[in-house]
Amino acid sequence: MWWMMNETGGNYCSKKSDDLCSNVCGQESSQVTGMSRIRCILRGLDVKTYIFLFAIIPMCTLGVYIHGQKISYFLRPLWEKPPKPFHVIPHYYHENLSMENLCKLHGWGVREFPRRVYDAVLFSNEIEILTLRWRELYPYITEFVLLESNSTFSGLPKPFVFNSNRAQFKFVEPRLTYGTIGGRFKKGENPFIEEAYQRVALDQLLKIAGITDDDLLIMSDVDEIPSAHTINLLRWCDQVPSIIHLQLKNYLYSFEFLLDEKSWRASVHRYKSGKTRYAHYRQSDDILADSGWHCSFCFRRISDFIFKMKAYSHNDRVRFSHYLSPDRIQKVICKGADLFDMLPEEYTFKEIIGKMGPIPHSYSAVHLPSFILENANEYKFLLPGNCMREG
């Protein structure tokens, strides 16, 4: 056999091989097609290898595609460290205590007269939540400042919703500075760029509204609502930190689903010309405990849920079209599950596992914005036991 190889100058090929493999191994191999070579290789594989190639690998690939976001969030403790802890300031309040006593309990002095307060928000379509916010804060706000764009953060065109519903906000009209801004409608742009562009415009609107040094400025989204007594405390007390974040109770869909008490982005600033910039990120290490409510995706109509899912800065979370199905959204709301089928955004495995699954139902309607309870029939969709939405 070996001498035949040497004489012919070819490759050794077993006589037990079939014709196809003989051709591949022999002198005619250059004429064999690529498909034939593959068939030859596959015939040498056992059943376990076939299962691995044609079942396990495709299933794993599909699983990563569908649940890749979940995998990434679950492994977050491995690739991202938790932020620096806040310095939490205990919050004291009782309706029968004087402002002097309340300020003293916090270690602050009391002023002879309160500071002026400006409440500034970017508005999209949250009519009901804006109503609750302004009714809650109305007694203590010097000027309400609202900026509205004809573009969502994700670049979708939208009508001027507030302008169309302005008549129902007559109670703030004497103290309202309202402005509009045209969207840039740049396709494929990071939504946070459009958001930052609108926040810069809100800085300019605040100057038009007449804000001056030492006034208080509330920086928060429409659905991040400080309690009235919190703002009254901050405007009356002296030696309050110049920038203080507000710890809010974190609700989802309504006040039936209390997620946690970790909402921190809302803040109150003592305004300084040339230095204070409207923003929605961490700007201080100080945070005042139990200062209000954050009610995320708290809408009356299913159409509003769909609009926000497509419009806000995290619209990339809509990974599949069926996420926008009205029937699915309604089921998710009543269950207290996640609209985007995501895992909790936490920094330790213990916290992630502890928050997995639907949010437990809460049956408490104590210490909520008073306007909700005063108008319970109108706002029952925000109260425990009323998860069904319109439309």
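How many salt bridges does a search of the whole structure find? The search finds 23. The model is predicted. The tour below starts with a sheet, then goes to some of these salt bridges, and ends with the aromatic rings.

**Stop 1: the sheet**

Select strands 7, 14, 10 and 11, which form an open sheet in that order, with mixed pairing. Strand 7 (224–226) and strand 11 (258–263) are at the edges; each has a single partner strand, so one side of each has no neighbour in the sheet. On average, neighbouring strands here are turned by 25° against each other, direction ignored.

Now select helix 7, residues 127–137, which packs on this sheet and touches strand 7 and strand 14. The direction of helix 7 makes about 15° with that of strand 7.

Inside the sheet, show residues 248–252 (strand 10) and residues 292–296 (strand 14). These two strands run parallel and are joined by 4 bridges. To find one place where they face each other, pick Lys249, which stands opposite Trp293 in strand 14. Strands of a sheet pair through backbone hydrogen bonds, either parallel or antiparallel.

**Stop 2: a salt bridge between Glu148 and Lys158**

Select Glu148 and Lys158 and show their side chains. They form a salt bridge in which the closest N and O atoms are 3.3 Å apart. The pair links distant parts of the chain: Glu148 belongs to strand 4 (residues 143–149), while Lys158 is in the loop between strand 4 and helix 8 (161–164), 10 residues apart.

Is Glu148 buried or exposed? Its relative accessible area is 0%, so Glu148 is buried. Lys158 also counts as buried, because its relative accessibility is 7% and the limit is under 20%.

**Stop 3: two further salt bridges**

Move to Asp304 and Arg301, whose side chains meet in a salt bridge at 3.3 Å, N to O. Asp304 is buried, with a relative accessible area of 11%, whereas Arg301 is partly exposed at 28%. Extend the selection to Glu128, Arg300 and Glu378: together with Arg301 and Asp304 they are linked in a network of salt bridges.

Next, select Lys355 and Glu346. Their side chains meet in a salt bridge at 2.6 Å, N to O. Lys355 is partly exposed, with a relative accessible area of 22%, and Glu346 is buried at 8%.

**Stop 4: aromatic rings**

How many aromatic pairs does the count come to? The count comes to 20. One of them is Phe162 with Tyr178, a tilted pair with 5.0 Å centre to centre and 45° between the planes. Phe162 is in helix 8 and Tyr178 in strand 5 (residues 176–181), so this pair links distant parts of the chain, 16 residues apart. Both Phe162 and Tyr178 are buried.

For another geometry, select Phe299 and Phe305. This pair is edge-to-face, with 5.4 Å between centres and 80° between the planes. Phe299 is buried at 3% relative accessibility, and Phe305 is buried at 0%.

Go back to Phe162 and Tyr178 and add Phe123, Trp134, Tyr138, Phe144, Phe169 and Phe171. Ring pairs link these residues into a cluster.

**Stop 5: charges over rings**

Keep that cluster on screen and add Arg135 and Arg175. The charged end of Arg135 sits over the ring of Phe171, 3.8 Å from its centre. Arg175 lies over the face of Tyr138, at 3.9 Å from the ring centre. Phe171 and Tyr138 both belong to the cluster of the previous stop.

Conventions:
Residues are numbered from 1 along each chain as its sequence is written. This is a predicted model: local features need pLDDT of at least 70, side-chain atom pairs count only at pLDDT 80 or more; totals for chains, interfaces and linings use all residues. Side-chain values use heavy atoms; hydrogens and water are left out. Two strands pair if DSSP finds at least two bridges between them. Axes are lines fitted to C-alpha atoms, for helices over the stretch in contact, and angles run from 0 to 180 degrees between N-to-C directions. Contact means heavy atoms within 4.5 Å. A salt bridge is a side-chain nitrogen of Lys or Arg within 4 Å of a carboxyl oxygen of Asp or Glu. Buried means under 20% relative accessible area, exposed over 50%, partly exposed in between (1.4 Å probe, protein chains only). Rings of Phe, Tyr and Trp (its six-membered ring) pair if their centres lie within 6.5 Å; planes under 30 degrees apart count as stacked, over 60 as edge-to-face and the rest as tilted. A charge sits over a ring if NZ of Lys or CZ of Arg is within 6 Å of the ring centre and within 35 degrees of the ring normal.
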